[in-house]
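Here is a friendly walk through one protein model, with its cores, charged pairs and helix packing in turn. Have a look at the structure first, and then read on.

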Amino acid sequence: MHLRRERELAAAAWLLVAAKDAKAARHEWATYGVALLRCGTLFSAVRMPADLVHAAADSEDREEVAHFLDVVLEGGPVIHDAGSRQFYALSPASTFRYWRIVGTECLGTDAFLGVPATDLTAPDPRCSAYWAVPMDGPGTLCVPGAVVKLVGIGRDALDRAEGEGDE
């Protein structure tokens, strides 16, 4: 437990480099559970609809989806914003330059993302976003190819479901 907390603090310090004002962002995390951080410098964020992710995981259960994402994305961090029904896979900053996967969007330079406090790993009354898969430490990000694989699994599952509905 102690080691996990140290990794959360190290990841938080790393993430705060993307804040316009680190002190204000720390305050926002403590007060609201979420802070706006700039994408495109330390990380980009691939936005995926919840329906796609749930289809890929073949579940809407929070813990089952989290476990699936952890496995498929090889431990890469994922934020779930339940309010907007979106998942965000944090990927290397350069990902937005070449990301062209239909039905998803990669947030890069000049985009901001509501990033939950690193210890917010379940729904919280302060905000709708939490870490479905927490950051394992500073600079730990999703491999873009693994995110492409996840989207493909989700699309295939949605296509199958649509095909079964036509019968």
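## Charged pairs in helix 1

A good place to begin is R5, which is partly exposed at a relative accessible area of 38%. Please keep in mind that this is a predicted model. The partner of R5 is E8: their side chains meet in a salt bridge, with 2.9 Å from N to O. E8 itself is buried, and its relative accessible area is 10%. Both residues sit in helix 1, and because they are three residues apart there, about one helical turn separates them. An α-helix has 3.6 residues a turn, so residues three or four places apart point the same way.

The pair does not stand alone. R4, R5, R7, E8 and D136 are linked in a network of salt bridges. Within it, R4 and D136 form a salt bridge whose closest N and O atoms are 3.8 Å apart. R4 belongs to helix 1 and D136 to the loop between strand 7 and helix 6 (144-165), so this pair ties together parts that are 132 residues apart in sequence. D136 counts as partly exposed, at 38% relative accessibility.

## A bridge from strand 1 to a loop

How many salt bridges does a search of the whole structure find? The search finds eight. One more that deserves a look joins the side chains of R38 and D110, at 3.4 Å from N to O. R38 lies in strand 1, while D110 lies in the loop between strand 5 (105-107) and strand 6, so the bridge ties together parts that are 72 residues apart in sequence.

The two partners fall into separate accessibility classes. R38 is partly exposed, with a relative accessible area of 30%. D110 counts as exposed, at 61% relative accessibility.

## The nonpolar cores

Turning to the interior, the largest nonpolar core has 26 residues. Those with the most contacts inside this core are L15, W29, L37, F43, L90, L113 and V115. Two helices and five strands supply two or more residues each: helix 1 (2-15), helix 2 (22-32), strand 1 (34-38), strand 2 (43-49), strand 4 (86-92), strand 6 (112-116) and strand 7 (129-133). Helix 1 gives the most to this core, with four residues.

V115 is a handy residue to select if you want to see the surroundings. Setting aside neighbours within four places in sequence, V115 is in contact with L15, W29, G33, V34, A35, L37, F43, I79 and W131. There is also a second, separate core of 24 residues, which includes A56, A57, V65 and A89.

## Helix 3 and its surroundings

Is helix 3 mostly covered or uncovered? Helix 3 (residues 50-57) is mostly covered, with seven of its eight residues buried. The buried ones are A50, L52, V53, H54, A55, A56 and A57. Just after the helix, D58 takes a positive phi of about 55 degrees.

H54 makes a good case to examine. This histidine lies in helix 3 and counts as buried, at 10% relative accessibility. Leaving aside neighbours within four places in sequence, H54 is in contact with S59, E60, V65, R85 and F87.

## How helix 3 meets helix 4 and helix 6

Helix 3 packs with helix 4 (residues 62-72) at an angle of about 80 degrees, and the two axes are 9 Å apart. That makes helix 3 roughly perpendicular to helix 4. On the helix 3 side the meeting residues are V53, H54, A56 and A57, and on the helix 4 side they are V65, F68 and L69. By class, this contact has six nonpolar residues, one polar residue and no charged residues.

Helix 3 also has a neighbour in helix 6, where A157 is placed. A157 touches A55 and A56, not counting residues up to four places away in sequence. A157 is buried, with a relative accessible area of 12%. For a sense of distance across the model, A157 and A13 are 38 Å apart in space, C-alpha to C-alpha, and 144 residues apart in sequence.

Definitions and conventions: Residues numbered from 1 in each chain as written. Predicted model: local features only at pLDDT ≥ 70, side-chain atom pairs only at ≥ 80, totals over all residues. Heavy atoms only, no water. Core = buried A, V, L, I, M, F, W, Y, C linked by side-chain atoms within 4.5 Å. Buried < 20%, exposed > 50% of the residue type's maximum accessible area, 1.4 Å probe, protein only. Contact = heavy atoms within 4.5 Å. Salt bridge = Lys/Arg side-chain N within 4 Å of Asp/Glu carboxyl O. Axes fitted to C-alpha atoms, helices over the stretch in contact; angles between N-to-C directions. Parallel < 35°, antiparallel > 145°, perpendicular 65-115°, else oblique. Nonpolar A, V, L, I, M, F, W, Y, C, P; charged D, E, K, R; others polar.
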